[in-house]
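Student: Could we go through this one together, pockets and charge pairs included? I'd like the cut-offs spelled out as we go.

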Amino acid sequence: MEADLPAAAAEKGPAAAPTVTEVEEVKMVVKLLPIWSTCILFWTVYSQMTTFSVEQATRMDRHLRPGGAAASGFAVPAGSFSVFLFLSILLFTSLNERLLVPLAARLTGRPQGLTSLQRVGAGLVLSVAAMAVAALVERRRRDASAGEGHVAISAFWLVPQFFLVGAGEAFAYVGQLEFFIREAPERMKSMSTGLFLVTLAMGFFLSSFLVFAVDGATRGAWIRNDLDRGRLDLFYWMLAVLGVANFAVFLVFARRHQYKPSAAVPAAVAPAGSPLDSAGSGEKEMDDLVAVKEAVEGVDV
C-alpha cells in the first residue's frame with residue numbers, strides 16, 4: 001500500500017502541471033487579443049443600423065413616392081429598411097468571391113487574394129465611411145425638419161449608410177472568422193469561433209456604454225427621444241473619429257502580427273545505400289512510414 005503511494009503521486013504530478021504545448025497554445029491565443037480588441041468597434045457601428053437608423057426612418061418620408069400624402073402611396077415600415085443592410089451583405093459577399101478575390105490574387109500572387117487582416121482592415125474603413133455618411137444625412141434630416149414647413153426628407157437617404165455597413169460586414173465578418181480560426185491553436189478551433197462571437201457581443205455592449213456616457217457628458221443635449229431636438233449627427237461624428245483612431249491602432253498591431261506558418265510535411269531521407277535511396281516507390285513507403293509514426297507519437301497514452 002505504501003509502495004503504491006509514490007507511484008500514484010508521480011502519475012498525478014505531470015497531469016497537474018501544464019505541458020510545453022499547452023503553454024505555447026496559451027501564448028498563441030494571447031497574441032490574438034490585440035487584433036481582437038480592434039474588431040469590437042466595427043460591431044458598435046453595426047449596432048447603429050438597428051437602433052438609431054431605424055429611429056431616423058420613423059421621422060422621415062417613407063413613401064415610395066417621396067413627398068406624397070399618407071394615402072397616396074405605400075409607406076415602407078421603418079424597421080424594414082434593414083433589408084438594405086442584408087442585401088448589401090449578400091451582394092458584396094458574392095462580389096468578393098467572384099470579382100475582388102480573383103483580381104487581388106492576380107495582383108498579389110496569392111491564391112487567397114486578400115489576407116484575413118486586409119479584409120478586416122477594409123471592413124473597418126467602410127464602417128468609418130458609413131458613420132461619416134450617416135452624420136451628413138442626419139444633419140440634412142434635422143435641418144429640413146427644423147426649418148420652415150417642417151419638411152421630412154426621403155427615408156431612402158439612409159440607404160447609403162446601410163450599404164456601406166453591409167459591405168464592411170462582408171469584409172470584416174469573413175476576415176475576422178478566418179483570422180481567428182487560422183491563427184488559433186489546432187486544439188482550440190472551437191474557442192476561436194467563440195472569441196470571434198465575443199467581439200460582436202462586446203460591440204453592442206460598447207454601443208450602450210457610449211450612449212450612456214455621451215448622454216451623461218452632454219447632459220442629454222446630443223441624444224434625446226426627440227431626434228429633432230438632439231444632435232445625433234455629432235454622435236455619429238464621434239463614432240467616425242473613434243473609428244479612425246481604432247483603425248490606426250489596428251494597422252500597428254496588424255503590421256507586427258506574424259501569421260502562423262502552415263503545417264508542412266517533413267521530408268523523409270532514406271539511408272545511403274538502401275533500396276529506398278534509388279527506388280521511387282521506396283520513397284513513397286518512407287513518406288507513409290513517417291506519417292504513421294507522427295500520428296502514433298501524437299496520441300496521448
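Tutor: Sure, starting with a term we'll need: a salt bridge is a side-chain nitrogen of Lys or Arg within 4 Å of a carboxyl oxygen of Asp or Glu. Keep in mind that this is a predicted model, where local features need pLDDT of at least 70 and side-chain atom pairs count only at pLDDT 80 or more, while totals for chains, interfaces and linings use all residues. Residues are numbered from 1 along each chain as its sequence is written, and side-chain values use heavy atoms, with hydrogens and water left out.

Student: Which residue does Glu178 meet in a salt bridge?

Tutor: Helices here are DSSP runs (H or I, at least four residues; strands are E, at least two), numbered from the N terminus. Glu178 sits in helix α7 (residues 159-183), and its partner lies 59 residues away in helix α6 (residues 116-146). The N to O distance is 3.8 Å, and the partner is Arg119.

Student: Is Arg119 buried or exposed?

Tutor: The classes go by relative accessible area: buried is under 20%, exposed over 50%, and partly exposed in between (1.4 Å probe, protein chains only). Glu178, at 30%, is partly exposed. Arg119 has 5% relative accessibility, so it counts as buried.

Student: Which residue in the loop between α8 and α9 pairs with Arg141?

Tutor: Arg141 has a salt bridge to Glu138, with the closest N and O atoms 2.9 Å apart; both are in helix α6, three residues apart, about one turn of the helix. Both are buried too, Arg141 at 1% and Glu138 at 0%. Arg141 also meets a loop residue at 2.7 Å, N to O. That loop partner, 87 residues away in the chain, is Asp228.

Student: How many salt bridges does a search of the whole structure find?

Tutor: Besides the pairs we've covered, Glu55, Arg59 and Asp226 are joined into one network by salt bridges that share partners. The search of the whole structure gives a total of eight.

Student: Why is helix α3 described as largely enclosed by the rest of the structure?

Tutor: Look along residues 40-48. Among the buried ones are Phe42, Trp43 and Tyr46, and also Thr44, Ser47 and Gln48. Helix α3 is largely enclosed because the buried residues number nine of the nine.

Student: Which helix gives the most to the lining of the largest pocket?

Tutor: On a 1 Å grid over the protein atoms alone, a pocket is an open set of points with protein on both sides within 12 Å along at least five of seven lines, and lining residues have an atom within 4 Å of a point; a cavity is a set where a 1.4 Å probe fits but cannot get out. The largest pocket has a volume of about 300 Å³, and of its 13 lining residues, the closest to the centre are Lys31, Glu183, His257, Gln258 and Tyr259. Both α2 (20-38) and α9 (232-256) supply at least two lining residues. The top contributor, with five residues, is α2.

Student: How many charged residues are in the lining of the second largest pocket?

Tutor: A volume is the space filled by probe spheres set on the grid points, joined across faces, edges and corners, and here that is about 180 Å³. The lining includes Thr21, Met28, Pro185, Glu186 and Arg187. With Asp, Glu, Lys and Arg as charged, Ala, Val, Leu, Ile, Met, Phe, Trp, Tyr, Cys and Pro as nonpolar, and the others, Gly among them, as polar, the split is two nonpolar, one polar and, for charged, five.
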